[in-house]
Amino acid sequence: MHLGLRILALLFVITKTNSLPYDVHWLGGPTVIDREISPSKQSIDIYCYSGSPKNLLALWQTVKFNIKIQNEEFSQYLGDNPEQVYKDYTEDSYGWAVVNPFQKKVYRSVSINLFTPTCMAINTKQKHSIELQMQRVDLWRVLIMVSGIVLIFTSRALSGNPVFFYLCGIIVGVSASFMVLVYYISRLLPKKTLTYGILIGGWTVGVYLFQQIWENIRTLLVSYQAYLFWYTFLAGFISFVVCYRIGPPKNQRSKNLVMWTLQLVGVFTTFFSSQYQEASAAVVIAALVAKYFPKSWTYTIQGYWRRKFPPKPRLLSSEEYYEQGARETKRALEQLREHCASPDCAQWRVMLKLHDAKRFASFVEGDSHLSDDEIVDYESYAFSLERTKPVANSTRNNMEISDDDSSEDFDEL
């Protein structure tokens, strides 16, 4: 009796499990799944990414769900687990019978969190494929992080750079002009109609209108690109004239405010450049420490390192020794000649102490500091030194040859 009840309970659980209204596909790595929906299929497919552990290799990683389909006649649902995705699916299916004007826009490529599980479902009757794309090194994230770090280290130089001042002034001026234009256009709209629309539809109407404008902004830019170009050019020129009239900041406090603003922008850029925010925070802290590390401490550490691990001296070769001696002698003679020709040198007093004043005057005018006899004596001495080496070598070679001849004579005997 008890055995039969257990079997019935097990069959009930199995039937209940197999009768789930959705099929879950767990994806742990780069995967492509092709789907062709059959008319008899009643369940919905839910694709879930299981997440990855946090490590330094994931600093610049990016994970995306890519949807390959012929058109955009599909609905998209995202959630942390399959139950939440299926709940959104059922609410969307039964909440709006025919048309939902406030439905979320669908995207063919969706970036998801790298470390937390994420699920997605597609409601369509067309053939499609789901791709889980994993970029080990996202170059865009690398570029953003490097830009933030560079902005932190160059903030002091950029705060007093006139070119950077004019460039930022033009960008701010053009952006502000667009905001002023939107403000004046909003004043032309009927206030009562807009107020009544917001009261009746709530903030959803405003969000929907803003979403539609944002989605169609590319079409507007392409359609009116000539007007947009001349408007941007005019606004940029006016901004440049205003910045030129004001001039770059000269007060040190103003420069400090600009520098701190740039550093703050660099900190936020570096911090949000990676989904591994603990590692990006460590990069920000390391950059700030390296930026504001006292130079006296740096010199102390370098001195201690050199005392503890002194560099190994490199000995000069004979050719390098000769070249360095000739170069340093020539440089010292030029400095001596310049000093003797300068007003700081009392030439007459020096000439009174010299035995050959004419030679001193010739040296100051550019002649050699050696006389002809001294040059001949030096060349003779150098020639004798060079001649001594070959003689010694030839003597040694002759001795070796004589030894060889004596050995041959001894062999003949």
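Two strands count as paired if DSSP finds at least two bridges between them. With that rule in hand, turn to the predicted model above. In strand β8, the bridge partner of Lys-68 is Ser-129. That link is one part of a wider pairing: seven bridges join β4 to β8, and the two strands run antiparallel. Thr-62 also takes part, standing opposite Gln-135 in β8.

First, the whole chain. Its secondary structure comes to 16 helices and eight strands. Of its 413 residues, 22% count as buried. Take the contacts between residues at least 6 apart in sequence: 78% of them join residues at least 24 apart.

Now back to the strands. Strands of a sheet pair through backbone hydrogen bonds, either parallel or antiparallel. Besides β8, strand β4 has a link to β6: four bridges join them, and they run antiparallel. Here Phe-65 stands opposite Val-110 in β6. β4 is mostly covered, with five of its seven residues buried.

What about β8? It pairs with β2 (residues 31-35) through five bridges, and these strands run antiparallel. Ile-33 has Ile-130 in β8 as its bridge partner. Six of the eight residues of β8 are buried, so the strand is largely enclosed by the rest of the structure.

Ile-130 is worth a stop. Leave aside its neighbours within four places in sequence. Its contacts then include Thr-31, Val-32 and Ile-33. Phe-65, Asn-66 and Ile-67 are also among them. So are Tyr-47, Met-120 and Ile-122.

Strand β2 also holds Arg-35. Is this residue buried, exposed or partly exposed? Arg-35 is partly exposed, with a relative accessible area of 25%. Lys-127 lies 92 residues from Arg-35 along the chain, yet their C-alpha atoms are separated by 5.8 Å. The two residues are in contact. Leaving aside neighbours within four places in sequence, Arg-35 also touches His-25, Asp-45, Tyr-47, Gln-126 and His-128.

Next comes an open sheet. Four strands form it, in the order β1-β3-β7-β5, and the pairing is mixed. Its edge strands are β1 (22-27) and β5 (75-79), each of which pairs on one side only. Neighbouring strands in this sheet are turned by 20 degrees against each other on average, direction ignored. Look at β3 (residues 44-49) and β7 (residues 118-123). Four bridges join them, and they run antiparallel. Within this pair, Ile-46 has Ala-121 in β7 as its bridge partner.

Which residues have the most contacts inside the largest nonpolar core? They are Tyr-49, Val-63, Phe-65, Ile-67, Ile-112, Ile-130 and Leu-132, in a core of 23 residues. The elements that give two or more residues to this core are β3, β4 (62-68), β6 (109-112), β7 and β8 (128-135). A second, separate core has nine residues. Tyr-77, Val-85, Tyr-89 and Ala-121 are among them.

The helices come next. Start with α9 (residues 225-246). It has 22 residues and reaches 31 Å from its first C-alpha to its last, close to the 32 Å expected at 1.5 Å a residue. Its buried residues are Ala-235, Gly-236, Ser-239 and Cys-243. They cover an arc of only 105 degrees around the axis, which puts them on the same side of α9. On the other side, Tyr-227, Trp-230, Phe-233, Tyr-244 and Arg-245 are exposed. Just after the helix, Gly-247 takes a positive phi of about 85 degrees.

Further along the chain is α13 (residues 318-341). This helix has 24 residues and reaches 35 Å from its first C-alpha to its last, close to the 34 Å expected at 1.5 Å a residue. Which of its residues are buried? Leu-333, Arg-337 and Cys-340 are. These buried residues pack against α14 (347-353) and α15 (357-365).

Technical notes:
Residues are numbered from 1 along each chain as its sequence is written. This is a predicted model: local features need pLDDT of at least 70, side-chain atom pairs count only at pLDDT 80 or more; totals for chains, interfaces and linings use all residues. Side-chain values use heavy atoms; hydrogens and water are left out. The expected span of a helix is 1.5 Å times one less than its number of residues. Buried means under 20% relative accessible area, exposed over 50%, partly exposed in between (1.4 Å probe, protein chains only). The arc is that of the directions from the helix axis to the C-beta atoms. Axes are lines fitted to C-alpha atoms, for helices over the stretch in contact, and angles run from 0 to 180 degrees between N-to-C directions. A nonpolar core is a set of buried Ala, Val, Leu, Ile, Met, Phe, Trp, Tyr and Cys residues joined through side-chain atoms within 4.5 Å. Contact means heavy atoms within 4.5 Å.
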